[in-house]
Every structure is written in C-alpha cells, then in structure tokens.
Amino acid sequence: MQTNFSAEQLKDPATAEADKILRACVHCGFCTATCPTFALLGDELDSPRGRIYLIKDMLEKGRPADALTVKHIDRCLSCLACMTTCPSGVHYMHLADMARVHIEKTYPRPLADRLLRALLGVVLPYPNRFRLALAATRFAAPFTALYPRLGRAGQRLAAMMRLAPRTLPSSPAFPRSAPPSSGKTVARVAILSGCVQQVLRPSINDAAARLLARLGIEAVSVKEEVCCGALLHHLGKEAGALAQARRNVDVWSAEIGRQGLDAIVITASGCGTMIKDYGFLLRNDKAYAAKAARVSMLAKDVTEFLATLELPEPISLQGITVAYHSACSMQHGQKIDALPKQLLRQAGFEVRDIPEGHLCCGSAGTYNILEPEIALRLRDRKIANIMKTSPDLIATGNIGCMSQIASGTSIPLFHTVELLDYAFGGPKPKELNLP
Ligand code: SF4
Ligand code: SF4
C-alpha cells in the first residue's frame, strides 16, 4: 500500500512504525474472510482492510479522529484473526493500538461514554475495587430486565449485570510462594496473579501452582506486581498501560536479580499477549527497552511452559468430552493453538474442535460491556457452535472468555490448567460433577 506521510511525520517513531505496517498491506482482502465483525455486519468498514484505510487516512492527514472512524475502530474486537489470515504479515495489532491512542487523544467522546471508560479503567485493574464493584452489582441485578430500555447506556449496564457472577468464590488465592512438593527444584517461575482473574476464579492459579509444584517447579507470585496493562491499553489509555508495564518490568527484573526466574507463567492469555509485547511497547524507552525485552522473552502461557516438562501418567478418565475454545489472544495473539489440546488429550480427555473456532466469543477485554449487541451475537454464535460438539465440559485459557461463555450456557467451564491439574493427580475441581 502506498503511503504519504511527510518526512516530518516520519520522525515520530510511532508514525514510522505505522508507515511500515501500512506499506506491508497489499489490500488483497483475505483478512475479511475471518473477521468476526465483517462476518456479522457485512460492512467493508467493519473489516480489517476497511479499518486499515480509515486508520491510514486519519494518521496520514494528522487530523483528529472523526465519529465514523471511531465507530468502526470501537467495533473492532482486537481479536487478531486478521493477523493469522494475512499472507503479508501486516501487524494489525500495533496499528489498531496506535489508532486507539490517537482516538483517545483527539476525539471528544460523549460524556456517558467517557465516564464508563474511565470507570472501567479505575476499577477492573484493581482486585479490591473490582470485588467491591461486583458486590454493588447485587443491588442493581434485580432490575436488569429494565436497563435495555434506557438506550445504549442501559444496554451496557445490562451487559455488566449479565457478566457479574452471583457469588464470588471463597477459595484462597495461590499463596505468595509454593515450593516443589518433593524432590529437587527443576525450575523457579513467577505466576502472574492477574487482576480480574484472581477475583473471579482464584482456583486457576491455585491449580497451576499445585501442578507445577508436583512437577518440581517453585512458583512465586511477586508481591508488588500490578495488572499487566491490557485493560487500559485496549481503552487507548497509553500512559496508564505503560506505567503498569514498567512497574511489572521493574518488579520481575528485581526478582530475577534476587533469586532468578526461569519463566513468567501466565494463566490468562489476554495478559500473556500483552506481556509478550512489553518489549515492543517499551522499545523506545532507553531505561526499559532491554529489561522489557527480557521480561517478554520469559513470558510463557502455562500450557506453553507445561509442554516443556515431563508429565506423569494421568489418572483414568472415562470418555469425558471437552470442547476446547481457543481464545483469540491464545490462537491469534500468541499463536498457541494445538498445544493446549495436545495436553488435554495427553491427560485423557476427548477433545473436540469447535466449528468456526477462529471466531471470537465476543469477550475481548471490555468489549462485551462497551459493544454489547455485537458481543452477544458472537457469544450466542460461539455457544451454538460449541453445542454441535455435544461436550461434557468446555475448556479455555482465558478468564474473559470463561465469563463471556458462562453467561450463556450451563455447560461447566474450566480453565485448561484446572483440568490438567486434576488429571495429573490434583484434587477434583468442585464444579466437575461427572461420574
Ligand atoms: S490480508 Fe493482509 S495484506 Fe490483505 S488486505 Fe488484509 S491486512 Fe492487507
Ligand atoms: S482484530 Fe478481529 S475484529 Fe478487528 S479487524 Fe481484525 S479480525 Fe476484525
């Protein structure tokens, strides 16, 4: 694609990067075939190619974002299916990130929109605030049916109610340090505590730490770490996201200096995609570039890390069928697709692929709150596809997808590592009601 940035514009490293990405696009349109919003809405401007044109025009002209561009970029899930499909290696993720930052800086959103985005940004990344907010939803939940009558703001409120669990789990979160159960220590890793996940499902990191301990891995959670920054990043709040990234780089680098880390193990693929990108995000920060690149190199999805270990014989599981939902951040963001399924099969589960597995479930960070109509249609399409596999259980590797899919089905949902922990000698998850 021909671009027309001025020499002056190209002095800015972000613009130079955008130029490089845009030039790689040959506007072949292959990416439209796997884009969920194009599949649903059929509008070229809701396809990756259409969005790329909108972003190009906005950045080249150096103009403030307009309502049309904002509408179509907001509708993008950042699912990155287009990056998997693109034959030219167009890095749509970085281009869309730049567009979101530009929008945040130049577009005056309506007040209700600004307030909601600000609220999500100051609540979700902080576990204690998030816990309090969930407690507050109990008072608002009885009126959920009325909210959609209040227009777009009401639909977003109804989406929040739909996603908020009725009760919160009481099981203790993974302790600060879990030594190997026996024998010699094979490796030492940090497990990311995460923000939303440690409130909604602390049993995920409990399972990961237990399984790793049995395999001779010492797992620690570094006390001062914060949210990975993905939530703010997807809202276009660049300064806040980078501050969180720098903080994590600092605390993990300090831990590497103290006792060493062989990996930073992540049990939420949305966070994994973000942390693996720290090296890129902080590449122009002289004080952080090298440290951030090192952290990104150490970041591993829990299944990725488990695949490097020798696993014991699993317990005997009799014909339990699992529909494996490959989260977008896992399959498109980190290019990890077959591995979790292989591990589940090795554990004795009968794993079934979900038709249209490349399509997003509609979760996408805060997308299911901010764009509830599209998110709901994608969720229902995902569940209909899951039902075609007649599963006993659903497994996935991202808490956002778990909440989104669980809001529309009664089929029990598990994180992949919860099932692996059970199959390889851990306790039976209490939600697993099978013979
Ligand atoms: S598939 Fe890639 S090269 Fe083709 S239009 Fe989409 S982004 Fe551009
Ligand atoms: S990230 Fe997903 S929704 Fe956005 S353009 Fe790419 S395929 Fe479409």
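This passage describes the domains, one domain contact and two ligand sites of a predicted model.

The domain assignment divides the chain into four parts: domain 1 covers residues 9-106, domain 2 residues 111-163, domain 3 residues 177-306 and domain 4 residues 321-423. Between the centres of domain 3 and domain 4, taken over C-alpha atoms, the separation is 22 Å. Their contact draws on 26 residues of domain 3 and 23 residues of domain 4. On the domain 3 side, at least two residues each come from α10 (196-200), α11 (203-214), α12 (230-234), α14 (269-275) and α17 (302-306). Helix α11 gives the largest share of this side, with six residues. Sorted by class, the side of domain 3 that touches domain 4 holds twelve nonpolar, nine polar and five charged residues.

Helix α11 also merits a look together with α23. Two packed helices are described by the angle between their axes and the distance between the axes. For α11 and α23 (residues 416-423), the axes come within 8 Å and cross at roughly 40°. Angles under 35 degrees would count as roughly parallel, and the two helices α11 and α23 are therefore oblique to each other. The crossing in which α11 passes α23 is left-handed. From α11, the residues that take part are S203, I204, A207, A208, R210 and L211, and they meet V417, E418, L420 and D421 of α23. Within this helix contact, six residues are nonpolar, one is polar and three are charged.

Turning to the ligands, ligand 1 is surrounded by 14 residues, of which C25, C28, C31, C86 and V90 are the closest. Two elements, α3 (48-61) and α5 (81-85), give two or more residues to the shell around ligand 1. In that shell around ligand 1, nine residues are nonpolar, four are polar and one is charged.

Ligand 2 has 13 residues around it, and those that come nearest are C35, P48, C76, C79 and C82. Here the elements that each supply at least two residues of the shell are α2 (36-41), α3 and α5. Helices α3 and α5 thus appear in the description of the ligand 1 shell and again in that of the ligand 2 shell. By class, the shell around ligand 2 comprises ten nonpolar residues, two polar residues and one charged residue.

Conventions. Residues are numbered from 1 along each chain as its sequence is written. Chains are lettered from A and ligands numbered from 1 in the order in which they are written. This is a predicted model: local features need pLDDT of at least 70, side-chain atom pairs count only at pLDDT 80 or more; totals for chains, interfaces and linings use all residues. A residue is near a molecule or strand if its C-beta atom, placed from the backbone, lies within 6 Å of it. Helices (H or I, at least four residues) and strands (E, at least two) are DSSP runs, numbered from the N terminus. Ala, Val, Leu, Ile, Met, Phe, Trp, Tyr, Cys and Pro count as nonpolar, Asp, Glu, Lys and Arg as charged, and the others, Gly among them, as polar. Domain bounds come from an automatic or database domain assignment. Two residues are in contact if their C-beta atoms, placed from the backbone, lie within 7 Å. Axes are lines fitted to C-alpha atoms, for helices over the stretch in contact, and angles run from 0 to 180 degrees between N-to-C directions. Angles under 35 degrees count as roughly parallel, over 145 as roughly antiparallel, 65 to 115 as roughly perpendicular and the rest as oblique. A crossing is left-handed if the near helix is turned anticlockwise from the far one by less than a right angle, and right-handed if clockwise.
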